[in-house]
Amino acid sequence: MFAFEPADDEQEEQVAAPRASQERQPVDTLDPVDVAEDMLMAMYRLSVLLEVEIEALSRHRHDVSAAIQDEKTALTRLYVLRLKALAEDTKRLEQARAERGDEMRETAERLKRLSDLNAILLRSAMAATQRFLDAVVTSAREVEGKPRYQRNGSMSPIRQAASMTFNQTL
């Protein structure tokens with residue numbers, strides 16, 4: 001979907017993606033391995049998307065970050081549903097742990113590490129955007145009421161403050 005070229009000395013981590021089930025079935029009709037498989041697939045894809053978003057945020061590419069939000073949300077929902085299914089059925093959870101426990105643990109640790117870094121970068125980006133908007137508003141307010149030069153070189157009379165708005169969702 002989105003790709004950034006790694007620096008010359010960087011090597012991309014190659015992780016095999018778990019296969020997603022072809023047809024989605026109700027959770028209670030899936031065998032424990034299928035639930036674990038779905039959960040692992042969601043965790044893997046979320047990790048990949050977080051890596052893309054981390055790279056985008058570090059390069060101030062907010063358009064890329066915004067473009068992956070729908071997929072991130074859908075994968076998070078799938079992950080939560082599958083995690084709940086495993087948590088509610090201890091027999092299912094034990095069987096999944098026996099068959100895929102190491103992979104589940106490693107993938108969860110990777111996802112947590114990336115989520116933590118992503119959260120830091122998102123807070124940073126939001127704070128930077130807020131500082132920028134505050135600077136624009138402050139600058140606009142400082143100009144209000146001051147005389148300005150007109151095209152013919154004369155000074156304009158002092159004006160009343162003009163209305164001003166800005167989009168808070170930037």
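A contact here means heavy atoms within 4.5 Å of each other. The structure is a predicted model, in which local features need a pLDDT of at least 70 and side-chain atom pairs count only at pLDDT 80 or more, while totals for chains, interfaces and linings use all residues. Residues are numbered from 1 along each chain as its sequence is written, and side-chain values use heavy atoms, with hydrogens and water left out.

On those terms, A42 touches L75, L78 and Y79, leaving aside residues up to four places away in sequence. A42 sits in helix α1; helices (H or I, at least four residues) and strands (E, at least two) are DSSP runs, numbered from the N terminus. With a relative accessibility of 0%, A42 counts as buried, the label for anything under 20% relative accessible area (over 50% is exposed, in between is partly exposed; 1.4 Å probe, protein chains only). The C-alpha atoms of A42 and A74 are 9.0 Å apart, although 32 residues separate the pair along the chain. Seen from the other side, Y79 touches M39, A42, M43 and L46, again not counting residues up to four places away in sequence.

Y79 also turns up in the largest nonpolar core, a set of 22 residues in which M39, L75, Y79, L86 and M104 have the most contacts. Such a core is made of buried Ala, Val, Leu, Ile, Met, Phe, Trp, Tyr and Cys residues joined through side-chain atoms within 4.5 Å. Helices α1, α3 (69-88) and α4 (90-143) each supply at least two of its residues, and α1 gives the most, with eleven.

Helix α1 spans residues 32-58 and also holds E53. What is the relative accessible area of E53? The value is 1%, so this glutamate is buried. Beyond residues up to four places away in sequence, E53 touches S65, I68, Q69, K72, N118 and L122.

Stepping back, the protein chain has four helices and zero strands. Buried residues make up 29% of its 170 residues. Of the contacts between residues at least 6 apart in sequence, 69% join residues at least 24 apart.

As for confidence, pLDDT (the predictor's confidence in each residue, from 0 to 100) averages 77 over the protein chain, and 68% of the residues score at least 70. Over residues 1-25 the pLDDT is below 50, and this stretch has 34 contacts in the model beyond near neighbours in sequence. Where pLDDT is low, predicted coordinates should not be read in detail.
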